[in-house]
Amino acid sequence: MDTPFIYGKLASKNNFTNRSKEISQLITNFNSGINTILISPRRWGKSSLVTHAANQASQSKPELRFCFIDLFNIRTEEDFYQILAQEVIQSTSNKIDGMVDLIKKFLGNFIPKISFNPTLESSLTLGLDWKELKNNPDDILNLAEKIAEKKNLKFVICIDEFQNMSTFENPLAFQQKLRSHWQKHQSTSYCLFGSKRHMLLDVFSNSSMPFYKFGDILFLQKITEENWIPFIIQRFSDTGKSIAASEAIQITKIADCHPYYVQQLAQQVWLRTEVKCNEKTVEQAFENLIDQLSLLFQTKTDELIETQINLLEAIIDGEVQLSSQRVLTQYRLGTSANSLKARKSLINKEIIDIEKKNIVFLDPMYKHWLSKTYFKH
Ligand SMILES: Nc1ncnc2c1ncn2[C@@H]1O[C@H](COP(=O)(O)OP(=O)(O)OP(=O)(O)O)[C@@H](O)[C@H]1O
Ligand SMILES: [Mg+2]
């Protein structure tokens, strides 16, 4: 039997829940050509949301064409241009003849080497002349817009893990290049998303940066408990098992509504449930999950310096005045400057974050592991 919960893959169809407000906002932006910047911590559902909204939007408007680019595996500007060109061509035509025509018409300057592999999902590979391209990337940066004008289409270029372009050789010059072309586009819009909030905010809300005020900035939230409960109950009953609301709540509470962990814990609970889930099943599944993750968490903790670990302990114990003399002494944090520095490093490492002036852990299971295992004396 297929398991009813998924994690580590995009949530789609039956696995996708709620987000109706965000979906309609994204679709409105796609249809009206408004650029969108979507930010959330890791594993909260950005990629799933954009893919879901794009599928819905293109079903009702066939002239909308979506290109998906994941910067996760793209290390250089050259690779970026190549993938951008491939994606734009492939989203315009799914026939080989059609693609060749487009390449001749719109990329003639580069005389790229073209190869097709129909067995792969991304079947087209363009070998572009990098020397030519480096001096003159305009044709590629404007490719979608030019095709859109000629063929009466609208493109939405979705770029995942956008913060990764900071690893390119000259990120600022690259951003300037992109912005100077993209801001002129009428029929192409951009949906840029990623997880490094501080880095992305610097790119999009710092007035000295090229992408300042480029589009709507959306901060994706976690999925609420009210939405998780019926989802979990439904997924159990779809597969001939049952879970009461109280246990579904127990799952969302432990996982702190974190989308990935709710699905992962629910899956562990489902596997342990023969017919009807009970409180004990959830507890056992939780313990097992923490065990599974402990090696990973141990490694993560080993990479921290002592002050950072001490600060985590103070936070776990519920301390809020992290620079007060008592806390500095009790938790061996050194000076208040040391404490502040450690706090900043933990934020940069995306272990903690500040939410409405409170310190929160971004990974709820890491928090559980620290308090249940690591700091348990
Ligand atoms: N709308 C949703 N309904 C149900 N589960 C979801 C939803 N969105 C996300 N999830 C769960 O969260 C997991 C992570 O989702 P996704 O990969 O879309 O997040 P992300 O923010 O793009 O993560 P990353 O920062 O790692 O790229 C999914 O595998 C799924 O288990
Ligand atoms: Mg993602």
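**Helix 13 and the shell around ligand 1**

In helix 13, the buried residues include Thr 281, Val 282, Ala 285, Phe 286 and Leu 289; buried means that 20 or more other C-beta atoms, placed from the backbone, lie within 10 Å of the residue's own. Helices here are DSSP runs of H or I of at least four residues, strands are runs of E of at least two, and both are numbered from the N terminus.

A word on the source. This is a predicted model, in which local features need pLDDT of at least 70 and side-chain atom pairs count only at pLDDT 80 or more, while totals for chains, interfaces and linings use all residues. Residues are numbered from 1 along each chain as its sequence is written, and chains are lettered from A and ligands numbered from 1 in the order in which they are written.

Against what do the buried residues of helix 13 pack? Their partners are helix 11 (245-254), helix 12 (259-272) and helix 17 (364-374), contact being C-beta atoms within 7 Å. Helix 13 itself covers residues 279-302, and bends by about 45° at Ser 294, the angle between axes fitted to the seven residues ending there and the seven starting there.

I turn to ligand 1. Around ligand 1 there are 22 residues, of which Ala 11, Gly 45, Ser 47, Ser 48 and Pro 259 come nearest; the criterion is a C-beta atom within 6 Å. Helix 2 (46-60) and helix 12 each supply at least two residues of this shell. Because domain 1 (19-219) and domain 2 (224-303) both give residues to the shell, ligand 1 lies between them; the domain bounds come from an automatic or database assignment.

Definitions and conventions:
Expected span 1.5 Å × (residues − 1). Buried ≥ 20, exposed ≤ 12 C-beta atoms within 10 Å, placed from the backbone. Contact = placed C-beta atoms within 7 Å.
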